[in-house]
Amino acid sequence: MAHSKERFADKMELPPETEQPNVYPLSWHSRTKKLQEVWEASQREIWDPEQLPWDTLDVDSYSWEEREAIAYWWTLLSVFDASAPPVFAEALIKTYEVHEEDPVRKCFFSVTRDEQGHEIMCGLSITKLLGHPDPLTYEPKTDLGRRLQKNAKWLYFNGGRYWTGYKQAVPKYDLAVLFSSFLMGEIAAATIFKQMYENSREPVFKEAFKNIGRDEGRHMAICMAVMERDYPGLKDENKSIVTKQIRAGYLFLSAVLFEPPMEFWDLPADFIDNQREAEEVARGAGFGIPTYEAKKENWRQAILNLKGVLDRYDIPFPAIPEVGISGQEISDVDMEDIIPVF
Ligand SMILES: [Fe+2]
Ligand SMILES: [Fe+2]
């Protein structure tokens, strides 16, 4: 590597080649038309959580138990969405380092921006419902609220463990591999937010779910377009990493889209009961969290969709017996292995 002091300009007509990978593409190739279309849609569909009709939300019309139960769901979501902006920002940097075509860089920028919006939405909802901006230091008002705060602390502990692994994974894997785990989250997210939109009664939450669901649908389209571009040439060693990532993505994302598998999530024995109780209270207050059966069916459909995509490229699918899908057994998944996002 040349020293910064070494001068070249007086020795040669043209400068030396710039070492690669270098975060500095000086080119704007555009090959994948679909990605340009998604970028344009993202520009048209920008929304601002702070501009939603917050004045229509009367938190005093809810009991404290209901407020804590609904805030708990937003907290659960933010365990995933509050890490999404840095997760995608890291992936955005990678698209520059590998000199991805211009629409890929733009699409990753749009996902980063969208995810920040989702994170802001979580924060606004929690702050209004609890009258406090931090669900971990908030002082619970009810017995359920106290048990939910314990749940939230355990979720936060678990979610916080994967960032180091993710940072190490990003330079190691091709974008094509990273996309497989992104897609897993986006497919399921697009569906669950649509259900929450249909089943929620509070206008400000309804509006948010409509917007978030539309964002996630675009994220899914981005993943699909990049996979269609890259998967036909995927090497066998990458195929087996994809298979493992899908299983890891299932385990990780189940916590928000279904229920957290205890083989992977390190959670206390009363966790699920507390969460189910909160979901029942929230549903009773008109907050449309899908039931256990509806979540299971949603998750199953999302996984079957993904299986349909991977089958086209002869990528073995992992067994997911939890929702009745057979396939290749994957056993040794731990927090270090995962690169999924939401
Ligand atoms: Fe999101
Ligand atoms: Fe997303």
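What does the protein chain average in pLDDT, the predictor's confidence in each residue, from 0 to 100? The protein chain averages 90, and 95% of the residues score at least 70. This is a predicted model, in which local features need pLDDT of at least 70, side-chain atom pairs count only at pLDDT 80 or more, and totals for chains, interfaces and linings use all residues. Residues are numbered from 1 along each chain as its sequence is written, while chains are lettered from A and ligands numbered from 1 in the order in which they are written.

Among the elements of the chain, helix α1 (residues 33-44) has the highest mean pLDDT, 98, and helix α6 (residues 163-172) the lowest, 82; helices here are DSSP runs of H or I with at least four residues, numbered from the N terminus.

Let me stay with α6. Helix α3 (residues 84-97) packs with α6 at an angle of about 20°, their axes being 10 Å apart, and that makes the two roughly parallel, a label for angles under 35 degrees. Val87, Glu90, Ala91 and Lys94 in α3 meet Tyr166, Lys167 and Val170 in α6, where contact requires C-beta atoms, placed from the backbone, to lie within 7 Å. By class, this contact has 4 nonpolar, no polar and 3 charged residues.

Now to the other pair. The axes of helix α7 (residues 175-199) and helix α11 (residues 292-312) come within 9 Å and cross at roughly 140°, and they are therefore oblique to each other, which is to say neither under 35, nor over 145, nor 65 to 115 degrees. The residues of the contact of α7 with α11 divide into 9 nonpolar, 5 polar and no charged.

Definitions and conventions:
Axes are lines fitted to C-alpha atoms, for helices over the stretch in contact, and angles run from 0 to 180 degrees between N-to-C directions. Ala, Val, Leu, Ile, Met, Phe, Trp, Tyr, Cys and Pro count as nonpolar, Asp, Glu, Lys and Arg as charged, and the others, Gly among them, as polar. Two residues are in contact if their C-beta atoms, placed from the backbone, lie within 7 Å.
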